[in-house]
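Open the model in your viewer and keep the sequence panel beside it. The tour starts at the ligand and ends in the loops.

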Amino acid sequence: MGVGVLGLAHYVPEKILTNADLEKMVDTNDEWIRTRTGIEERRIAGDDIDTSDMAFFAAEKALKDANVNAEEIDLILVATVTPDSPFPSVACLIQDKLGAKNAAAMDIGAACAGFMYGMITGKQFIETKTYKKVLVIGVEKLSKITDWEDRNTCVLFGDGAGAVVLGDVSDGKGILSFELGANGGGAKHLYENENGHIIMNGREVFKFAVRQMPDSSVNVVEKIGLKRDDVDYLIPHQANIRIMNAARERLGISEEKMATTIKKYGNNSSASIPMALAESVANGKIKDGDLVVLVGFGGGLTWGAVAMRWGK
Ligand code: ACO
């Protein structure tokens, strides 16, 4: 048996903030944003929608997609850097909303690599037969920690959520290899300051990411003895199209084989990867039997990658 995805879904708030809207807020322009980042618009959650609401919307749909009852869930892991409050965890808030009364629940903080950390943590519990079904969610309301007067960061981020239900899948399917890593020495390059705003040294983060994303993508493929271009679909963290292309080019795969939700959603930190995964499956870009690589990096600094054979 393997451990894989039984069902998945994503949620995005309705409100769209375009590059043209940002031109009215800070000294920036559509051309700069599109050519430097690949972003055209992003979604922003209203005051009435907090992080746990978005997590709940995605989770409810993922359970339905997996055909799993909330009471069957043994563990809820929520990757987020924007919880409703430091405690209780978002995982506990949605455990109640879902009625997942048999589930243990906790949040995971690994910034944009958080969903990868969540997936691999969930996998361990299932593999050791401790738990059967684990709900893993990546969710962010980054708009609440964005400094809307800082053009270096405010053009980059958006809100949203993605959720997967992990469980047993047939042999050869599911997660085949993974890599997780951290370098706390790089903490100063990306963090939330005492005013509750994202501070980022874009150039340093860029340098780290264009090295780490390609390396991790290749590592998880080589670990299972396959060739780079055996990869059928790549889901990179949606931080910057230039960083994403660096990973894709190192694998030697074409543009059609990479998810690019960044155009319409921007960077959603922990939520980027599960949102892009859910959308790619829904659009038929990922098919049964495909070799899929998920790869992320983020504040910490952290990184993580997974190679999986899609299907149950
Ligand atoms: N509009 C117009 N000009 C801008 C903007 C903007 N929104 N932002 C910055 N600039 C200016 C800068 O001030 C700079 O001007 P200067 O040369 O006069 O000083 C110029 O544009 C070039 O700045 P660079 O930083 O060199 O631009 P770069 O090409 O590196 O792109 C970017 C900046 C997009 C931020 C890039 O560095 C990047 O993507 N870095 C990685 C970011 C990332 O992946 N973050 C992950 C965070 S995920 C998480 O954990 C939340």
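Helices (H or I, at least four residues) and strands (E, at least two) are DSSP runs, numbered from the N terminus. Residues are numbered from 1 along each chain as its sequence is written. This is a predicted model, where local features need pLDDT of at least 70, side-chain atom pairs count only at pLDDT 80 or more, and totals for chains, interfaces and linings use all residues; side-chain values use heavy atoms, with hydrogens and water left out.

**Stop 1: the shell**

Select the ligand and the residues near it (one heavy atom within 4 Å). You should get 26 residues. T28, R36, C112, R203 and N240 are the closest. Now color by class: 12 are nonpolar, nine polar and five charged. Here Ala, Val, Leu, Ile, Met, Phe, Trp, Tyr, Cys and Pro count as nonpolar, Asp, Glu, Lys and Arg as charged, and the others, Gly among them, as polar.

**Stop 2: what builds the shell**

Show the cartoon. Helix 2 (30-37), helix 6 (151-154), helix 7 (202-223), helix 8 (241-251) and strand 12 (291-298) each supply at least two shell residues. Which element gives the largest share of the shell? Helix 7 does, with four residues.

Next, color by domain; the bounds come from an automatic or database domain assignment. The ligand lies between domain 1 (2-169) and domain 2 (174-309), because both give residues to its shell.

**Stop 3: polar contacts**

Look for pairs of N or O atoms within 3.5 Å. Zoom to R151: one of its polar backbone atoms is 2.9 Å from a ligand nitrogen. At G202, a polar backbone atom is 3.0 Å from a nitrogen of the ligand. W32 uses its side chain instead: an N or O atom there is 3.3 Å from a ligand oxygen. Taken alone, the ligand exposes 1000 Å², and the protein buries 77% of that. These accessible areas come from the Shrake-Rupley method with a 1.4 Å probe.

**Stop 4: backbone oddities**

Leave the ligand and check the loops. Select F87 and P88: the peptide bond between them is cis, with omega near 0 degrees. P88 sits in the loop between strand 4 (75-79) and helix 4 (90-98).

Go on to G300 and L301. A cis peptide bond joins them too, with omega about -10 degrees. L301 is in the loop between strand 12 and strand 13 (302-309).

Finish at K129. Its phi is positive, about 65 degrees, although K129 is not a glycine. The loop holding K129 runs between helix 5 (114-127) and strand 6 (134-141).

Definitions and conventions: Polar contact = N/O pair within 3.5 Å; in protein donor to acceptor, adjacent residues only side chain to side chain.
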